[in-house]
Every structure is written in C-alpha cells, then in structure tokens.
Amino acid sequence: MNLVVAQVPKEVALHLIGPSKVKKAAIKKIINRAVAEYVEKENLDASKNLKVLQSYEELEATFEPGKEFCFDTAVHLTGS
C-alpha cells in the first residue's frame, strides 16, 4: 500500500495541531539536527542521549522562527 503525504499549508497545520505543539516540534527538530551535525562535524563518539540544559519554557520564550536560536546541551561521549 502506497501512501501519499501532501504538504499541509502552514496556516492549516497551525489551526489543526495548535501553535504550541508546532513550536515544540520545531524546537525539538532544531536541537536534534544541530547536535547531530556538531557530533558528526567534530567526529565525536557520542550516545544518542542528550540533555538540554534549559527548560522547555525557557527555550520557547527565546524561540523566534528565522532568528538565531541558542541552547545548551550535554552529550554523553561513549569513549569507544
């Protein structure tokens, strides 16, 4: 069975899902991608677990789409 995934217009997604959930998903995706790129760039042997040092409320308060977004994480190095 083949499924076709259509692009949902931003306004529709915001209305259906809610701005808070969309923002939370965007923050999570940005953090995961940035950490993965850093680990690869620095050739680190890191576990998949990471800890964001700010609370979600702090991250949400500073997040503005299209603007610089800063956060602190702790990554566990496996040492192998």
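This is a short tour of the structure, one selection at a time.

**Start with the whole chain**

Keep in mind as you go that this is a predicted model. Show the chain as a cartoon and you should find three helices and two strands. Read from the N terminus, their order is α-α-β-α-β. Now switch to the C-alpha trace and turn it along its principal axes: the spans are about 45 × 40 × 20 Å. The radius of gyration is 16 Å, whereas a compact globule of 80 residues would come out near 12 Å.

Add a surface next. The chain exposes about 7,000 Å², and 55% of that area comes from carbon and sulfur atoms. Of the 80 residues, 12% count as buried. If you like contact maps, look away from the diagonal: among contacts with a separation of 6 or more, 62% join residues 24 or more positions apart.

**Select residues 7-76**

An unreviewed UniProt entry lists this range as "domain: Trigger factor ribosome-binding bacterial". Within the span, 54% is helix and 16% is strand. Place a distance label between the C-alpha atoms at its two ends and you will read 36 Å.

**Select L59**

Zoom in on helix α3, residues 56-62, where L59 sits. Is L59 buried or exposed? Its relative accessible area is 5%, so L59 is buried. Which residues surround L59, once neighbours within four places in sequence are set aside? Show I27, I31, V52, Q54, F69 and F71 as sticks, as L59 is in contact with each of these. You can also bring up K24, which is 35 residues from L59 in sequence, with a C-alpha to C-alpha distance of 9.1 Å.

**Select K41, E42 and N43**

Move on to the end of α2, which covers residues 19-41. A search of the whole structure turns up one salt bridge, and it is here: the side chains of K41 and E42 meet at 3.9 Å, N to O. Side chains of opposite charge can pair when their charged atoms come close. K41 has a relative accessible area of 66%, so it counts as exposed. E42, at 37%, is partly exposed.

Step along to N43, in the loop between α2 and β1. What is notable about the phi of N43? N43 has a positive phi of about 55 degrees, although it is not a glycine. With 69% relative accessibility, N43 counts as exposed.

**Select the nonpolar patch**

Color Y38, L44, L50, V75 and L77 on the surface: together they make a nonpolar patch of about 400 Å². Two of its members are worth a stop.

- L44 lies in the loop that links α2 to β1, the latter being residues 46-52. Its relative accessible area of 32% makes L44 partly exposed.
- V75 belongs to strand β2, residues 73-77. V75 is partly exposed as well, at 31% relative accessible area.

Stay with V75 and display what it touches beyond four places in sequence: V35, V39, A46, S47, N49 and L50. L50 is also a member of the patch. For a last distance label, pick V75 and V52: they are 23 residues apart along the chain, and their C-alpha atoms are separated by 8.9 Å. V52 should look familiar from an earlier stop, since V52 is one of the contacts of L59.

Technical notes:
Residues are numbered from 1 along each chain as its sequence is written. This is a predicted model: local features need pLDDT of at least 70, side-chain atom pairs count only at pLDDT 80 or more; totals for chains, interfaces and linings use all residues. Side-chain values use heavy atoms; hydrogens and water are left out. Patches are made of residues with over 30% relative accessible area and no salt bridge: like charges are joined within 9 Å, nonpolar side chains (Val, Leu, Ile, Met, Phe, Trp, Tyr) within 5 Å. Accessible areas come from the Shrake-Rupley method with a 1.4 Å probe; for residues, only the protein chains shown count as cover. A salt bridge is a side-chain nitrogen of Lys or Arg within 4 Å of a carboxyl oxygen of Asp or Glu. Helices (H or I, at least four residues) and strands (E, at least two) are DSSP runs, numbered from the N terminus. Buried means under 20% relative accessible area, exposed over 50%, partly exposed in between (1.4 Å probe, protein chains only). UniProt positions are given in the numbering used here, feature names are shortened, and annotations may be inferred rather than shown by experiment. The radius of gyration is taken over C-alpha atoms; the globule rule is 2.2 Å times the number of residues to the power 0.38. Contact means heavy atoms within 4.5 Å.
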